[in-house]
Amino acid sequence: MFKYRSGKAIPLACWLLLGIFGPSAALSASPAELISDYRASQGLGRVTADSTLNRIAQEQASAMAARDVLEHDLAGKFSSRMASAPAGRAAENIAYGHHDFPKTLNQWINSSGHRKNLLMQSASRVGVASAKSAKTGRTYWAMVIAGDYEPKPRKEQRLRQVAEKPAAKPAKRERAPPPCKTNFLGFCLQR
């Protein structure tokens with residue numbers, strides 16, 4: 001944490017923006033921009049906001065706020081929720097407590113598991129959302145970050161790939177036993 005004129009702690013992402021653009025930039029930057037700035041400071045590529053990932057994050061944040069519980073699977077299993085996003089890799093961060101995203105981002109940066117998700121090598125898209133609990137007023141946050149967006153092969157391409165695979169060698173045929181020379185009480189006797 002860094003301190004600014006007022007003596008209050010400022011999240012790292014805000015500090016980076018303050019150094020570049022001044023105090024108002026940190027407050028007006030989007031979550032995707034703040035995450036991108038942090039990733040760039042670590043030598044990684046930027047991410048862009050994605051409407052599908054924003055929707056998935058909003059469903060999770062809303063489910064947590066409705067139940068006033070911090071838990072990953074409240075809106076459903078992560079793999080099921082990600083089915084509508086054609087990403088090869090994806091991760092989710094959740095949090096509660098802070099009313100603004102820069103403080104939440106700083107919380108994730110200071111947590112090794114959450115930081116690992118923020119620094120996913122192949123990440124190119126992100127979705128961030130928050131929802132407030134009607135019961136406690138607590139703000140819940142969800143972030144979905146994803147990458148490896150390669151087009152899936154069409155059905156015709158998959159069929160062609162299967163047809164082009166080399167044919168498997170036929171299985172070795174087992175030798176049939178020689179015919180029975182003498183049958184005695186259901187037993188075959190060979191000479």
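This report describes a four-stranded sheet and the helices that lie across it, with most attention to helix α4. The model is predicted.

**Sheet**

The sheet is open and of mixed pairing, with its 4 strands in the order β3-β5-β6-β4. At its edges are β3 (48-49) and β4 (89-96), each of which pairs on one side only. Strand β3 pairs with β5 (residues 123-132) in the parallel sense, over 2 bridges. One residue pair that can be named here is A49 and its bridge partner V126, which belongs to β5.

**Helices across the sheet**

Two helices that lie across strands of this sheet are set out below, with the angle each makes to β5.

| Helix | Residues | Strands it lies across | Angle to β5 |
|---|---|---|---|
| α3 | 31-41 | β3, β5 and β6 (139-147) | about 130° |
| α4 | 51-67 | β3, β4, β5 and β6 | about 30° |

**Helix α4**

Helix α4 contains 17 residues, and the distance from its first C-alpha to its last is 24 Å, close to the 24 Å expected at 1.5 Å a residue.

At the N-terminal end of α4, D50 acts as a cap: one of its side-chain oxygens lies 3.0 Å from the backbone nitrogen of T52. After the other end of the helix comes D68, which has a positive phi, near 55°.

The buried residues of α4 are L53, I56, A57, Q60, A61, A63, M64 and A65. Their cover includes the sheet strands β4, β5 and β6, and also helix α5 (78-81).

Key
Residues numbered from 1 in each chain as written. Predicted model: local features only at pLDDT ≥ 70, side-chain atom pairs only at ≥ 80, totals over all residues. Heavy atoms only, no water. Pairing = 2+ DSSP bridges. Contact = heavy atoms within 4.5 Å. Axes fitted to C-alpha atoms, helices over the stretch in contact; angles between N-to-C directions. Expected span 1.5 Å × (residues − 1). Buried < 20%, exposed > 50% of the residue type's maximum accessible area, 1.4 Å probe, protein only. Polar contact = N/O pair within 3.5 Å; in protein donor to acceptor, adjacent residues only side chain to side chain.
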